[in-house]
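Hi everyone, thanks for coming. I'd like to walk you through one structure this morning, so please have a look at the sequence and the model before I start.

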Amino acid sequence: RKGLKNSKSIIKILGLNPHAGEGGMLGRDEMELIIPVIDKLAKEGHTIVGPVVPDTAFTSQNLKSPTIFVCMYHDQGLIPFKTVHGFDEGYHITLGLPFIRTSVDHGTAKDIFGKNKANPGSMIAALKGAIELTSRLDILKRKS
């Protein structure tokens, strides 16, 4: 969290329910759970907005500025990400763990096991991302 507070990135929290709950008409999770957390983080100085309507979050306008999208579940973030980036460069980071975890941005592809058809791009990106994140943690540890 400390690093994001001083970042130029905007943190956009996506809603859980369709249309981010429509003010409680389509679900109350946003009002009861998500908005209080957003308000708390904003008071701490984070540049954070939401809940953002998921089906319009990844428009070209929203992708112009540095943005961190916090998605509530797997496909909410990966479907639009793959639409924009394909399978060559993306990887997944799991936040909130006591260790760095990156993974490919796709499934297991069991249907092509052993057929020499898999695209290694996402795996290469995930490994490079893990190395970069680890080196950043090492730098932060040395500074403190």
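**A walk through the helices, cores and loops**

Let me begin where a helix stops: α3 is followed by Gly-86, and the phi of this glycine is positive, near 70°. Please keep in mind throughout that this is a predicted model.

Staying with α3, how far apart are the end C-alpha atoms of the helix? They are 21 Å apart in α2, and in α3, which covers residues 74–85, the figure is 16 Å. For the 12 residues of α3, a rise of 1.5 Å a residue predicts a span of 16 Å, so expectation and model agree. Inside α3, the buried residues are Gln-76, Gly-77, Leu-78 and Pro-80. Their packing partner is strand β1.

Now to α2, residues 29–43. Its 15 residues should span 21 Å at 1.5 Å each, so the end-to-end distance agrees here as well. Still, there is a kink to look at. Where does it lie? You'll find it at Ile-35, shortly before the proline Pro-36, and the bend is about 35°. The buried residues of α2 are Glu-30, Ile-34, Ile-38 and Leu-41. Notice that a glutamate is on that list, Glu-30. The buried residues of this helix pack against two strands, β1 (10–14) and β2 (48–52). After the helix comes Gly-45, with a positive phi near 105°.

That brings us to the core. In soluble globular proteins, nonpolar side chains tend to be buried together. Which residues make up the largest nonpolar core here? There are 6 of them: Ile-11, Ile-13, Ile-34, Ile-38, Leu-41 and Ile-48. Two elements, β1 and α2, give two or more residues to this core. The biggest contributor is α2, with 3 residues. If you'd like one residue to click on, try Ile-38. Setting aside residues up to four places away in sequence, Ile-38 touches Ile-13, Ile-48, Val-49, Gly-50 and Pro-51. There is also a second, separate core of 5 residues, and among them are Val-52, Ala-57, Phe-58 and Phe-69.

Two of those names come back straight away. A search of the whole structure turns up 1 aromatic pair. Phe-58 and Phe-69 form it, with ring centres 4.4 Å apart and 40° between the planes, so by the rule that counts anything between 30 and 60 degrees as neither stacked nor edge-to-face, the pair is tilted. Phe-58 sits in the loop between β2 and β3 (67–70), while Phe-69 is in strand β3, so the pair ties together parts that are 11 residues apart in sequence.

Next, some backbone details. Gly-50 and Pro-51, both of which we met as contacts of Ile-38, are joined by a cis peptide bond with omega of about -5°. Pro-51 belongs to strand β2.

The loop between β1 and α2 holds Ala-20 and also Glu-22. Ala-20 has a positive phi near 55°, and it is not a glycine. Glu-22 has a positive phi too, of about 50°. Buried or partly exposed, then, for Ala-20? Ala-20 has a relative accessible area of 12%, so it counts as buried. Glu-22, at 39%, is partly exposed.

One more loop residue deserves a stop: Asp-105, between β5 (102–104) and α4 (121–143). Its relative accessible area is 0%, so Asp-105 is buried. What does Asp-105 touch, leaving out residues up to four places away in sequence? The list is Leu-78, Phe-81, Lys-82, Gly-86, Phe-87, Gly-90, Tyr-91 and Ser-122. Gly-86 on that list is the glycine I opened with, the one that follows α3.

Last, the charged pairs. The count comes to 3 salt bridges. Arg-28 meets Glu-32 at 2.7 Å, N to O. Lys-40 meets Glu-44 at 2.9 Å. Arg-136 meets Glu-132 at 2.6 Å. Those last two residues both lie in helix α4, 4 residues apart, which is about one turn of the helix. As for accessibility, Arg-28 is partly exposed at 42%, and Glu-32 is partly exposed at 49%. Lys-40 is partly exposed at 49%, and Glu-44 is partly exposed at 24%.

That's my tour, and I'm happy to take questions.

Conventions. Residues are numbered from 1 along each chain as its sequence is written. This is a predicted model: local features need pLDDT of at least 70, side-chain atom pairs count only at pLDDT 80 or more; totals for chains, interfaces and linings use all residues. Side-chain values use heavy atoms; hydrogens and water are left out. The expected span of a helix is 1.5 Å times one less than its number of residues. The bend at a residue is the angle between axes fitted to the seven residues ending there and the seven starting there. Buried means under 20% relative accessible area, exposed over 50%, partly exposed in between (1.4 Å probe, protein chains only). Contact means heavy atoms within 4.5 Å. A nonpolar core is a set of buried Ala, Val, Leu, Ile, Met, Phe, Trp, Tyr and Cys residues joined through side-chain atoms within 4.5 Å. Rings of Phe, Tyr and Trp (its six-membered ring) pair if their centres lie within 6.5 Å; planes under 30 degrees apart count as stacked, over 60 as edge-to-face and the rest as tilted. A salt bridge is a side-chain nitrogen of Lys or Arg within 4 Å of a carboxyl oxygen of Asp or Glu.
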